[in-house]
Every structure is written in C-alpha cells, then in structure tokens.
Amino acid sequence: MATSIPLSQITLPGHRAPGAGFEAPFEMLDACHERVHRMLALLARLQQHAGVHGWSEQIGQAAVDVMRYFDQAAPHHHDDEERHVFPPLLAGSDPVLHTMVQRLQQDHRDMEATWAQVREVLAFVTQPPPAGWRDFTPEQTALLNHFAGLYQRHIDDEDGIVYPVAQAQLSAQALQAMGADMMRRRGV
C-alpha cells in the first residue's frame with residue numbers, strides 16, 4: 001500500500017530539483033524524470049485528496065502545479081529526446097532498439113494527446129467547482145491513471161535501456177552540443 005504524502009510536502013516543478021546542469025545533458029534528462037515522478041505523485045495525491053475531502057484550495061493549487069509542469073517542462077524534455085537521444089539510436093543497426101525508439105516516439109504523441117484531455121480535467125478543479133462536486137468521475141480517474149501509466153512505462157524504458165545506450169554512443173563533443181542546444185531552446 002502506498003504511503004500518503006501531504007500535498008504540501010511534494011516538491012513543485014523546478015524547485016529544489018536535483019543539481020544538474022546543461023554541461024551534463026543526461027543528468028538534466030534524469031532530473032526531469034525525477035520531476036515527472038514528483039508530478040505524477042502529486043497527481044495521485046490530488047486524486048486521493050479529492051476522493052476523501054472533495055475540492056479544496058490544495059487541490060486547486062496542486063492542479064495548477066501539475067499543469068504548469070506538463071505545459072512547460074515536459075514538451076522541452078520530449079523535444080530534447082527527439083533531437084538528441086533518439087536519432088543516433090535510429091541510425092544504428094539494432095532492430096530491437098529501433099522498435100523501442102519508435103514506440104517511445106509514439107509515446108510522445110500519445111502523451112501529448114492524452115495531456116490535452118488530462119489538462120481539461122485538471123483545469124476544472126483549479127477553481128471551486130459547482131456545488132455538489134465531490135470527486136473525479138470514474139472516466140476522469142481512468143484517464144488520469146492512464147496518463148500516469150504512460151509516463152511510468154516510458155520513463156522505465158528510457159532509464160533502463162535507451163539512455164544508457166545513447167549516452168555510450170555520443171561523443172563528448174556531441175554531448176556538449178546537446179547541452180548547448182538544450183540551453184538555447186530554453187532561452188538560457
């Protein structure tokens with residue numbers, strides 16, 4: 001059984017993040033995965049809180065925090081992977097790796113489409129809902145859980161297989177260029 005974490009104790013995106021810089025782009029990608037895990041934990045806690053207490057300002061703020069992360073940071077992260085992690089693997093000759101990378105690319109499209117729906121659910125609870133609202137519908141709960149599951153499987157495959165192989169294949173110069181591009185696209 002999962003331990004409940006109060007909403008107030010879950011770190012917000014970009015705050016108190018692991019200390020990784022653009023000079024170590026795979027550490028930045030790993031730090032982003034850690035933030036995704038925190039946001040998914042916040043999403044789960046938000047759902048649990050709603051089921052027990054109904055709407056509260058905590059739920060509204062948690063929804064805003066999750067929306068901010070997946071609106072801003074997640075698209076940059078996916079773009080980093082599409083530009084720098086996946087192409088060298090697709091250029092290689094490993095058909096199993098090709099299949100995995102193609103599935104991860106499809107995951108990005110699926111997560112983006114699912115996020116649009118999840119965002120609507122979360123946007124509804126950023127402000128007090130109409131009187132009588134008690135909890136997310138079973139369909140909304142299934143959608144939120146599906147979104148979290150997509151990300152979890154995706155991250156597991158990247159952390160366990162794709163990142164180590166890609167990092168081993170990239171030269172120091174390619175890693176430096178990757179970090180510089182990540183900075184440039186973020187306006188740093």
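Among contacts between residues at least 6 apart in sequence, 78% join residues at least 24 apart. This value, like those that follow, comes from a predicted model. The protein has 188 residues, and buried residues make up 44% of them. Its secondary structure comes to 5 helices and 0 strands, so the order of elements from the N terminus is simply α-α-α-α-α.

A good place to see contacts between distant parts of the chain is Leu122, a residue of helix α3. With a relative accessible area of 0%, Leu122 is buried. Which residues does Leu122 touch, not counting residues up to four places away in sequence? The partners are Leu43, Leu46, Ala63, Val66, Met67 and Trp115. One of them, Leu46, is 76 residues from Leu122 in sequence, yet the two C-alpha atoms are 9.8 Å apart in space.

Charged side chains also join separate parts of the chain. Side chains of opposite charge can pair when their charged atoms come close. The structure holds 11 salt bridges, and three of the pairs can be followed here one by one. In the salt bridge of Asp71 with Arg119, the closest N and O atoms are 2.8 Å apart. Asp71 belongs to helix α2 (residues 57-91) and Arg119 to helix α3 (residues 95-124), so that this pair links distant parts of the chain, 48 residues apart. Asp71 counts as partly exposed because its relative accessibility is 31%, and Arg119, at 31% relative accessibility, counts as partly exposed as well.

A salt bridge also forms between Arg153 and Asp107, with 3.0 Å between the closest N and O atoms. Here helix α4 (residues 138-169) supplies Arg153 and helix α3 supplies Asp107, so the pair ties together parts that are 46 residues apart in sequence. Are these two residues buried or partly exposed? Arg153 is partly exposed, as its relative accessible area is 33%, whereas Asp107 counts as buried at 2% relative accessibility.

The pair of Asp80 and Arg186 forms another salt bridge, its closest N and O atoms being 2.5 Å apart. Asp80 sits in helix α2, while Arg186 lies in the segment after α5 (172-185), so parts that are 106 residues apart in sequence are tied together. Asp80 counts as buried, at 1% relative accessibility, and Arg186 counts as partly exposed, at 28%. Both residues belong to a wider network of salt bridges, which links Asp79, Asp80, Arg83, Asp181, Arg184, Arg185 and Arg186.

This network leads to helix α5 itself. At 1.5 Å a residue, its 14 residues should span 20 Å, and the end C-alpha atoms are indeed 20 Å apart, which agrees. Where do the buried residues of α5 lie around the axis? The residues concerned are Leu175, Met178, Gly179, Asp181, Met182 and Arg185. Because they cover an arc of only 160 degrees around the axis, they are on the same side of α5. On the other side of α5, the exposed residues are Ala172, Gln173, Gln176 and Arg184. The cover over the buried residues of α5 includes α1 (25-53) and α2. Just after α5, Gly187 takes a positive phi of about 70 degrees.

The meeting of α2 and α5 can be described further. Two packed helices are described by the angle between their axes and the distance between the axes. For α2 and α5, the angle is about 145 degrees and the axes are 11 Å apart; their crossing is right-handed. From α2, the residues His76, Asp79, Asp80, Arg83, His84 and Val85 take part, and they meet Met178, Asp181, Met182, Arg184 and Arg185 of α5.

Arg185 gives a closer view of this meeting place. This residue is found in helix α5 and counts as buried because its relative accessibility is 15%, where buried means under 20%. Leaving aside residues up to four places away in sequence, Arg185 touches His76, Asp79, Asp80, Arg83 and His84. His76 and Arg185 are 109 residues apart along the chain, with 8.1 Å separating their C-alpha atoms. Arg185 is also one of the residues linked in the network of salt bridges, along with Asp79, Asp80 and Arg83.

Conventions:
Residues are numbered from 1 along each chain as its sequence is written. This is a predicted model: local features need pLDDT of at least 70, side-chain atom pairs count only at pLDDT 80 or more; totals for chains, interfaces and linings use all residues. Side-chain values use heavy atoms; hydrogens and water are left out. A salt bridge is a side-chain nitrogen of Lys or Arg within 4 Å of a carboxyl oxygen of Asp or Glu. Helices (H or I, at least four residues) and strands (E, at least two) are DSSP runs, numbered from the N terminus. Buried means under 20% relative accessible area, exposed over 50%, partly exposed in between (1.4 Å probe, protein chains only). The expected span of a helix is 1.5 Å times one less than its number of residues. The arc is that of the directions from the helix axis to the C-beta atoms. Contact means heavy atoms within 4.5 Å. Axes are lines fitted to C-alpha atoms, for helices over the stretch in contact, and angles run from 0 to 180 degrees between N-to-C directions. A crossing is left-handed if the near helix is turned anticlockwise from the far one by less than a right angle, and right-handed if clockwise.
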